[in-house]
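This report goes through one model, beginning with its sheet and moving on to its rings and selected residues. Please keep the sequence and the 3D view at hand while reading.

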Amino acid sequence: KFIKCDIKDKKIKKILSKYKPIGIFNLAAETHVDRSIDNPDSFIQSNIVGVFNLLECFKEYSKKHKSKLIHISTDEVYGDILYGRSSENYPYQPSSPYAASKAASDHLVSSYVRTYKIPAMITNCSNNYGPKQHPEKLIPKLIYNILNNKTLPIYGKGTNSREWIYVKDHCEALIKVFSKGKIGEFYNIGSNKNLNNLQVTKELIKIAKNKIDIGKNVKILFVKDRPGHDVRYALNSKKIKNNLGWYPKTNFKQGIKLTFDWYNEN
């Protein structure tokens, strides 16, 4: 059943008591860093105030019903990881209002586990990509521009590195955390595969050339870097692999082809 509702709405309490879910996955968040720089307000509202409301509702609900809350967060809470990979014990050093709002929500959930003993877990995932993603995100935006014979804007020199995970792999990891995860624990979810923005763009152009006739305007265009742009995110996901037996099944070359095909057809 689909119910359209703001995460800040108190009626979440009624929804929980009516439908009695055994698991709640909080994927509700404002997520686009560029928009958080231009207008942080909605990020504070959804990612902090909204999570507080959800926790208050869940706190009451979980006293009477057996359930678990899985709070989905991001690798961006760890900030710039210039060397190595950040484990779950790594300090939080968020750089953008988006990352800071997600860090705050993680701390809130963790504090409710400790103080009120709510059955909750927190996951921190790397960059997702795949079909149906909002075109403001890097990969769909590049695909859209390729399909529409537009230039491909890349921040700075294109050297910013991100760890990419196919959306289906992330979903399977969340189900694993729900069924096997330990209450109060944090789990990093990543592919262990880093690519910089230039590598992602070149791979997309290569795929597109095999599938469509590319227009003459499809060229990489370096644009002014965004403020406070983190150079690199990289997760250590050994904990979820060793403790819960999860690992990603889709490599980047497979995943990016599936993604391109979906946007091309839709």
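## The sheet and the helix across it

Four strands form an open sheet in the order β1-β2-β3-β7, and their pairing is parallel. The model is a predicted one. At the edges of the sheet are β1 (23–26) and β7 (186–189), each of which pairs on one side only. On average, neighbouring strands of this sheet are turned by 20° against each other, with direction ignored. Strands of a sheet pair through backbone hydrogen bonds, in either a parallel or an antiparallel sense.

At one edge, β1 and β2 are joined in the parallel sense by four bridges. Gly23 is placed opposite Lys68 in β2. The side chains of β1 alternate along the strand: Ile24 and Asn26 point to one face and are buried, while Gly23 and Phe25 point to the other face and are not. At the other edge, β3 and β7 run parallel and are joined by four bridges. Here Thr123 stands opposite Tyr187 in β7.

Helix α3 (residues 41–64) lies across β1 and β2, and runs at about 165° to β2.

## Lys59 and Lys117

Lys59 belongs to helix α3. Is Lys59 buried or exposed? Lys59 has a relative accessible area of 12% and is therefore buried, the limit for buried being under 20%. The side chain of Lys59 makes a polar contact with the side chain of Glu56, at 3.2 Å. Apart from residues up to four places away in sequence, Lys59 touches Tyr112, Tyr116 and Ile118.

Lys117 is in the loop between α4 and β3 (120–125). With a relative accessibility of 63%, Lys117 counts as exposed. Lys117 and Lys59 are 58 residues apart along the chain, and their C-alpha atoms are separated by 8.6 Å.

## Aromatic pairs

How many aromatic pairs does a search of the whole structure find? The search finds 10 aromatic pairs. Two of them are set out in the table.

| Pair | Arrangement | Centre to centre | Angle between planes |
|---|---|---|---|
| Tyr78 and Tyr92 | edge-to-face | 5.6 Å | 90° |
| Tyr129 and Phe252 | tilted | 5.2 Å | 55° |

Tyr78 and Tyr92 each lie in the loop between β2 (68–74) and α4 (97–116), so their pair ties together parts that are 14 residues apart in sequence. Tyr78 has a relative accessibility of 0% and counts as buried.

In the other pair, Tyr129 lies in strand β4 (residues 127–129) and Phe252 lies in helix α9 (residues 252–265), so this pair ties together parts that are 123 residues apart in sequence. Tyr129 and Phe252 are both buried. Ring pairs also link Tyr129 and Phe252 with Trp164 and Tyr166 in a cluster.

## Lysines over rings

Lys68, which stands opposite Gly23, lies over the face of Phe178 at 5.0 Å from the ring centre. Tyr187, the residue opposite Thr123, has Lys239 over the face of its ring, at 4.9 Å from the ring centre.

## Residues in loops

Ile81 lies in the loop between β2 and α4. At a relative accessibility of 1%, Ile81 counts as buried. Which residues is Ile81 in contact with, leaving aside its neighbours within four places in sequence? The contacts are with Ser86, Tyr90, Arg232 and Ala234. Tyr19 is 62 residues from Ile81 along the chain, and the C-alpha atoms of these two residues are separated by 42 Å.

Lys132 is located in the loop between β4 and α5 (138–147). Its phi is positive, about 70°, although Lys132 is not a glycine. Lys132 counts as exposed, with a relative accessibility of 68%.

Asn149 is in the loop between α5 and β5 (152–155). The phi of Asn149 is near 55°, which is a positive value in a residue other than glycine. Asn149 has a relative accessible area of 27% and is partly exposed.

Notes. Residues numbered from 1 in each chain as written. Predicted model: local features only at pLDDT ≥ 70, side-chain atom pairs only at ≥ 80, totals over all residues. Heavy atoms only, no water. Phe/Tyr/Trp six-rings, centres within 6.5 Å; stacked < 30°, edge-to-face > 60°. Helix = DSSP H or I, 4+ residues; strand = E, 2+ residues; numbered from the N terminus. Buried < 20%, exposed > 50% of the residue type's maximum accessible area, 1.4 Å probe, protein only. Lys NZ or Arg CZ within 6 Å of the ring centre and 35° of its normal. Pairing = 2+ DSSP bridges. Axes fitted to C-alpha atoms, helices over the stretch in contact; angles between N-to-C directions. Contact = heavy atoms within 4.5 Å. Polar contact = N/O pair within 3.5 Å; in protein donor to acceptor, adjacent residues only side chain to side chain.
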